[in-house]
Amino acid sequence: EADRLGFGFSFYHFLALSVDTLQFLLFLYIQQLNKVSLRTSLIGEEWPSPRHRSQSPDLTEKSSCHNKNWNDYSHQAFVCDHLSDLLELLLDPEQLTASFHSTHSSLVSREAVVALSFLIEGTVSGARKIYPLYELALWQPLHAETGFSKTSKAFSFYKLEAWLRASLTGNPFGTSACLKSGKKLAWAHQVEGTTKRAKIACNTHVAPRMYRMVVMSQVYKQTLAKSSDTLVGAHVKIHRCNESFIYLLSPLRSVTVEKCRNSTFVLGPVQTALHLHSCDNVKVIAVCHRLSISSTTDCIFHILTPTRPLILSGNQRVTFAPFHTHYPMLEDHMARTGLAAVPNYWDNPMIVCRENSNTSVFRLLPPCDFYVFIIPFEMEGDTTEIPGGLPSAYQRALGQREKKIQIWQKTVKEARLTKDQRKQFQVLVENKFYEWLINTGHRQQLDSLVPPTVGSKQAAG
């Protein structure tokens, strides 16, 4: 109608996006878990001391997992030490004093406890089923302990805090628990000259479906390839792997890669997030719902993703390239994780940091440097090509390279070499190829594909 009348109006449809304010406050607060303190590094203690220092011996014992992001003991200690602050953060303004602290009569709203379920969940009497915090706090038999009043439809601040302190325990399905008491997997075989430090463990035999986890730490100079039920729907944590080639060809729930170097990771479709942190010279090949990277250097990402990759802080020389491989079950695994070939925003990353706010922090791989990646394992399945194909510029580059190979083959054929000349020529070509394998580091990749000897059987799973 506006066009008919000659008006120059344009109409746009906006998608409203929002987050729960209280949950977002909690998310911001817990970022302090990784804050750097100069005094801490000098004297080995936190300063200034938190208001409520936990004295639980379970929280102070040395964990086998020293990475704070992975250490569930650190997470529990942080929540216990800052529980009052967390609860005060969620109070309505009228429940606070002039100095923004709680009083003996402060009430915590149901909405606040629902938000706190973002951080805390639990079970009843050690049962297997897991409930969000607000369901436990509102359970009738616990009203006296949690301080819930049906009249005010709110919780007593001090009763709720006391109940939480008395009830909080470590995450039985977290990374620390998985490394400490999970099922150990001997997926990687020992390479001569390396130390036996690799740790691979899972909790899939005891954890509920949404909490299945596989942890891989300190894999060194290995080629590890798996497609198994142990991986299906699992949260995969990869830590401190070096000079390795790791193929996890199953539908995965999430993947975190930290402090890895000089390695290649080929992943099955990742249903939620794939995150890399503090990695150097790593290549990642994956279909994923979301990719985010922080503090990486000289890493290459061959990605198929329906969302824009997030470049967080601390990255240098990031390269993005189109997804360039396939394996027989890939499209079936993509369907199981709800991922499709389109849309694909591999080449449109979003920079989410103050430094390097221009595009110089990343580049797109030049087509002349592009090669397809062949997964060297036989599997059953119907996928025979790269999902969605390749962008035209990269497809043309492959076509031009194929023409050069055909011209080379034709030239050799037309040279009409004698039998001895052909043998001599073959030796020269093989020597040059062997030199190239050594200079590029690809020899290790090929050598590591040789199956281990009978005496070094790998565990199932």
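**Close-up views of a predicted model**

A search of the whole structure, which is a predicted model, turns up 2 salt bridges. The legends below visit both, along with the cores, a covered helix, a small sheet and a surface patch.

**View 1. Arg317 and Asp298 form a salt bridge between two loops.** The closest N and O atoms of this pair are 2.6 Å apart. The two residues are 19 residues apart and link distant parts of the chain. Arg317 sits in the loop between strand E17 (310–311) and strand E18 (318–322), while Asp298 belongs to the loop between E15 and strand E16 (300–304). How accessible is Arg317? Its relative accessible area is 48%, so Arg317 is partly exposed. Asp298 also counts as partly exposed, because its relative accessibility is 34%.

**View 2. Arg165 and Glu161 form a salt bridge inside helix H9.** Here the closest N and O atoms lie 3.2 Å apart. Both residues belong to helix H9, and their spacing of 4 residues is about one turn of the helix. Is Glu161 buried or exposed? With a relative accessibility of 7%, Glu161 falls under the 20% limit and therefore counts as buried. Arg165, at 30%, counts as partly exposed. As a general reminder, side chains of opposite charge can pair when their charged atoms come close.

**View 3. Helix H5 (residues 83–90) is mostly covered.** Of its 8 residues, 6 are buried: Leu83, Ser84, Leu86, Leu87, Glu88 and Leu90. What do these buried residues pack against? Their partners are helix H1 (21–29), helix H4 (72–81), H6 and helix H9 (157–167), and H9 is the helix that holds the Arg165 and Glu161 pair of View 2.

**View 4. The largest nonpolar core has 61 residues.** The residues with the most contacts inside this core are Ile238, Leu248, Phe265, Leu267, Leu274, Leu276 and Phe301. Strand E15 (residues 283–294) gives the largest share, 7 residues. Apart from this core lies another, of 28 residues, including Phe78, Cys80, Leu116 and Leu164. In soluble globular proteins, nonpolar side chains tend to be buried together. Across the chain, buried residues make up 39% of the 461 residues.

**View 5. Phe265 has contacts with several residues beyond its sequence neighbours.** Which residues does Phe265 touch once its neighbours within four places in sequence are set aside? They are Ile238, Cys241, Ile246, Val257, Cys260, Val282, Lys283, Val284 and Ile285.

**View 6. Three strands form an open antiparallel sheet in the order E1-E5-E4.** Strand E1 (107–109) and strand E4 (148–149) stand at the edges; each has a single partner strand, so one side of each is left without a neighbour in the sheet. E4 pairs with strand E5 (residues 154–156) over 2 bridges. Look for Ser149 here: its bridge partner in E5 is Ala154.

**View 7. A nonpolar patch on the surface is formed by Val19, Phe24, Phe27, Leu28 and Phe118.** Together these residues have about 480 Å² of accessible area. Phe118 is found in the loop between helix H6 (110–116) and strand E2 (121–122). With a relative accessible area of 39%, Phe118 is partly exposed. For the wider setting, the chain exposes about 27,200 Å², and carbon and sulfur atoms supply 54% of that area.

Key
Residues numbered from 1 in each chain as written. Predicted model: local features only at pLDDT ≥ 70, side-chain atom pairs only at ≥ 80, totals over all residues. Heavy atoms only, no water. Core = buried A, V, L, I, M, F, W, Y, C linked by side-chain atoms within 4.5 Å. Buried < 20%, exposed > 50% of the residue type's maximum accessible area, 1.4 Å probe, protein only. Contact = heavy atoms within 4.5 Å. Areas by Shrake-Rupley, 256 points an atom, 1.4 Å probe, with all protein chains shown as cover. Patch = residues over 30% accessible without salt bridge, like charges linked within 9 Å, V, L, I, M, F, W, Y side chains within 5 Å. Salt bridge = Lys/Arg side-chain N within 4 Å of Asp/Glu carboxyl O. Pairing = 2+ DSSP bridges.
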